[in-house]
Amino acid sequence: MSGWSNGSSNVSYTSFLLLGFPGLQESHAFLVLPFLSLYLLIVSANALIIHTVATQQSLHQPMYTLIALLLAVNVCAATTVVPTMLFSFSTHFNRISLPRCLFQMFCIYFLIVFDCNILLVMALDRYVAICNPLRYPEIITTPLLTGLVGVAAARSTCIVAPVVGLASRVHFCRSDVIHHFACEHMALMKLSCGDISLNKTVGLTVRIFNRVLDMVLLGASYSRIIHAAFRISSGGARSKALNTCSSHLLVIFTVYSSTMSSSIVYRVAHTASQDVHNLLSAFYLLLPCLVNPVIYGVRTKEIRQHLGTLFQRAQLQVPTEKPQNLLSRKKFPA
């Protein structure tokens, strides 16, 4: 059966059809290449920075560990959505069960919120490093860093779980077609029958409270950090501190501006087509995943130097193989 659940008074769908981009149904095959290229670029760029941090002993420091963790979350966020979307575009098999749909919803929002919480931990790390540099090694220890990451994960779960939990109690009887490429909360709620005012209120309240609190904490931290950085007497140390902060602030701006612009357009631009809304959803989900490794790879001096060394070694290995092949051909003619 298509996935009907027949209760005493309500009938609810238990599986759904993800349309992706409803206005481009005939062109889904042409969307595979650009989204596949984008996904491979995201995975390779983030993996390169993560590999550099993991293999270079000099980068085994809290700041670089948090950068690697942030980029790993980026890869997970893209992997939660893009492979499933590509599979549905290429095979036209885009039906998803309600449990899988709710699980995907939880993963998407958990990773987005976790990404923001890691930025808070990074702000604390930079605050201690610049405002209290002498005590930094004894304050920011591995156990403390692990605990902070655990708190960030727990906070992300507490923020997302109520929204997904309320969604699991809703009856979906209007349609079994989700006009989206993923199980986005509001796209799923459009299929509900009955009163969902509590779902909307909780979802909006959690999002606004979370964003406002994060921005207040980040603003307070980086204002203190920048003020302390300008008081550093050494020009080189001041420049390094400000450059590091500017990289983090660029990432924060990318993450929060993309999510907030998508939310604003979703609620204001009612005349825009569903494809435009879906494109904005893909934009706010995938843009940070693409831009973050570029920011940290280009603007972080230590990572940039190791990447330069890595590329130089790769280039040097290419010409050294050709003379050997020529010699082997001379010794062993065909």
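Okay, let's start with the sheet. In this predicted model, three strands make an open sheet, and reading across it you get β4-β3-β5, with mixed pairing. Now look at the two edges: β4, residues 95-97, and β5, residues 177-178, each have a single partner strand, so each has one side with no neighbour in the sheet.

Let's zoom in on one of those pairings. Strand β3, which covers residues 15-18, runs antiparallel to β4, and three bridges link the two. If you want a spot to click on, try L17: its bridge partner in β4 is R95. Then there's a helix packed on this sheet, α3, residues 98-131. Helix α3 touches β3, β4 and β5, and its direction makes an angle of about 85° with that of β4.

Let's stay with α3 for a moment, because N117 sits in that helix and is worth a look. Is N117 buried or exposed? Its relative accessibility is 2%, and the cut-off for buried is under 20%, so N117 counts as buried. And what does N117 touch, once you set aside its neighbours within four places in sequence? The answer is A152, R155, S156 and D214.

Next, the surface. Find helix α7, residues 197-230, and look for I208 in it. I208 belongs to a nonpolar surface patch together with L204, V212 and V216, and the four have about 330 Å² of accessible area together. As for I208 on its own, its relative accessible area is 46%, so we call it partly exposed.

Compare that with L279, over in helix α9, which spans residues 274-299. L279 has a relative accessible area of 52%, and exposed means over 50%, so L279 falls in the exposed class. Here's another thing to try on screen: pick L279 and F181. They're 98 residues apart in sequence, but their C-alpha atoms are 9.5 Å apart in space.

Okay, zooming out to the whole chain. How many helices and strands are there? Ten helices and five strands. The chain has 334 residues, and 42% of them count as buried. On the outside, about 17600 Å² is exposed, with carbon and sulfur atoms supplying 67% of that.

Last one, on contacts. Take the contacts between residues at least 6 apart in sequence: 77% of those join residues at least 24 apart. And that's my tour, thanks.

Key:
Residues are numbered from 1 along each chain as its sequence is written. This is a predicted model: local features need pLDDT of at least 70, side-chain atom pairs count only at pLDDT 80 or more; totals for chains, interfaces and linings use all residues. Side-chain values use heavy atoms; hydrogens and water are left out. Patches are made of residues with over 30% relative accessible area and no salt bridge: like charges are joined within 9 Å, nonpolar side chains (Val, Leu, Ile, Met, Phe, Trp, Tyr) within 5 Å. Accessible areas come from the Shrake-Rupley method with a 1.4 Å probe; for residues, only the protein chains shown count as cover. A salt bridge is a side-chain nitrogen of Lys or Arg within 4 Å of a carboxyl oxygen of Asp or Glu. Helices (H or I, at least four residues) and strands (E, at least two) are DSSP runs, numbered from the N terminus. Buried means under 20% relative accessible area, exposed over 50%, partly exposed in between (1.4 Å probe, protein chains only). Two strands pair if DSSP finds at least two bridges between them. Contact means heavy atoms within 4.5 Å. Axes are lines fitted to C-alpha atoms, for helices over the stretch in contact, and angles run from 0 to 180 degrees between N-to-C directions.
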